[in-house]
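Visitor: Please take one part of this model and look at it closely. What does it pair with, and which charged contacts and helix packing should I check afterwards?

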Amino acid sequence: MWVSRMLLLIIASLVAPLAWGQDYPNRPIRLVVAFAPGGVVDTAARVLSSKMTERLGWQFVVDNRTGGNGLIGGNIAAKAVADGHTILLAHTGEFAINQWIFKDVPYDISNDFIPVTMVNDGPMLVVVNSSSPISSFKDFIAAAKAKPGQITYGSPGSGAVNHLAVEWLASAAGLKLVHVPYKGGAPAVTAVAQGDVLITSAGVPGVLPHLQSGRVKVLGVTTARRWDFGRDWAPAAEQGFPGVDASIWTGLFVPKGTPKAVVDTIYREAATTLKRPDVKERFSTLGSEPVSMPPAEFAKKVKQDAERYRKIVQDVGLQAQ
């Protein structure tokens, strides 16, 4: 009798995870985005979720929970039921930077989440007002060195990846700039378009409307390599900013405790979707590349980036808030 019960328990333990995967999803999936509509993270969420719905019939509800450089949305997702029906779509700042910038992160990045897969990766554009005489990074360096401590730049807020990218540029070139934080990336780009600040760094989706209207121009990108988007945006590393390599990637994370079968299902279906030519084309028009990787590989990438940005935060002298 005892042996029979043990066999039943073993069989049940093997079958249960399979049942989780086969039954998933059984209701709409809440896709938490910790930033406002229209930005890099929100755009990635809507592209991926719409294409997965198209392929699979899965229903998604994009839930924008803004504030605190992603801390509010991250905390909501961390405390959600771990059954795969709440997924956080986060970006570089939330998992590689916030822990070094903020003293009171309300969740443990390493222990409260399971990385599922990266979704996309893309550069930030460094832009100035179209009427500015500055047309290259070389011009910008010369202007900043001619007026140390007088050149202003905008960012989505202190500690944002965009903020850190400009600080990294300034540190690499020995520049002294004045930081002007705004309540989001869109207001920061608008400030440049209106001439309120000289420069900002932002993801392509937030810049495109102003670029298309002719109100801003691009000096280059904040990465070490060029990107194949049909535009000749020169990397910072080629224009006087050695070593600078800051991109915005987004990725899927689920609360710790989510069954492995569910994690594997989400990864498999997301990766299949991201490989579609129409998805690649859509991301390309928005200035990024779809990138999928297995959970273990993505977890390694997150850890490596966190260590890399820890050193950058120290090098540029940013203080924890």
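Guide: Strand 4 and strand 10 (residues 289-290) pair in the antiparallel sense, over 2 bridges. Strands here are DSSP runs of E with at least two residues, helices are H or I runs of at least four, and both are numbered from the N terminus. Two strands count as paired if DSSP finds at least two bridges between them. The model is predicted: local features need pLDDT of at least 70, side-chain atom pairs need 80 or more, and totals for chains, interfaces and linings use all residues. Numbering starts at 1 along each chain as its sequence is written, and side-chain values use heavy atoms, without hydrogens or water.

Now follow N120. In strand 10, its bridge partner is P290. In strand 9, the bridge partner of N120 is T250. Strand 9 covers residues 247-255, and 9 bridges join it to strand 4, again antiparallel.

Next, L125. In strand 7, L125 stands opposite A202. In strand 8, L125 stands opposite V221. Strand 7 (residues 199-203) pairs with strand 4 in the antiparallel sense over 5 bridges. Strand 8 (residues 216-221) runs antiparallel to strand 4 and is also joined to it by 5 bridges.

How enclosed is strand 4? It spans residues 113-129, and 17 of its 17 residues are buried, so the rest of the structure largely encloses it. Buried means under 20% relative accessible area, exposed means over 50%, and partly exposed lies in between, with a 1.4 Å probe and protein chains only.

On to the charged contacts. Side chains of opposite charge can pair when their charged atoms come close. The structure holds 17 salt bridges. The cut-off puts a side-chain nitrogen of Lys or Arg within 4 Å of a carboxyl oxygen of Asp or Glu.

Take D278 and K51. Their side chains meet in a salt bridge at 3.1 Å, N to O. D278 sits in helix 10 (residues 277-285) and K51 in helix 2 (residues 40-56), so this pair ties together parts 227 residues apart in sequence. D278 is partly exposed, at 26% relative accessible area. K51 counts as buried, at 16%.

R55 and E269 form another salt bridge, 3.0 Å from N to O. This pair also links distant parts of the chain: R55 is in helix 2, E269 is in helix 9 (residues 260-274), and they are 214 residues apart. R55 is partly exposed at 29%, while E269 is buried at 13%.

R310 and E307 also form a salt bridge, with the closest N and O atoms 2.4 Å apart. Both lie in helix 11 (residues 295-316), 3 residues apart, or about one helical turn. R310 is partly exposed at 22%, and E307 is partly exposed at 32%. Elsewhere, salt bridges with shared partners join K51, E54, R276 and D278 into one network.

Last, the packing of helix 2 on helix 10. The angle is about 165°, and the axes are 11 Å apart. That makes the two helices roughly antiparallel. Axes are lines fitted to C-alpha atoms, for helices over the stretch in contact, and angles between N-to-C directions run from 0 to 180 degrees. Under 35 degrees counts as roughly parallel, over 145 as roughly antiparallel, 65 to 115 as roughly perpendicular, and the rest as oblique. At the interface, A44, V47, K51 and E54 of helix 2 meet D278, V279, R282 and F283 of helix 10. Contact means heavy atoms within 4.5 Å.
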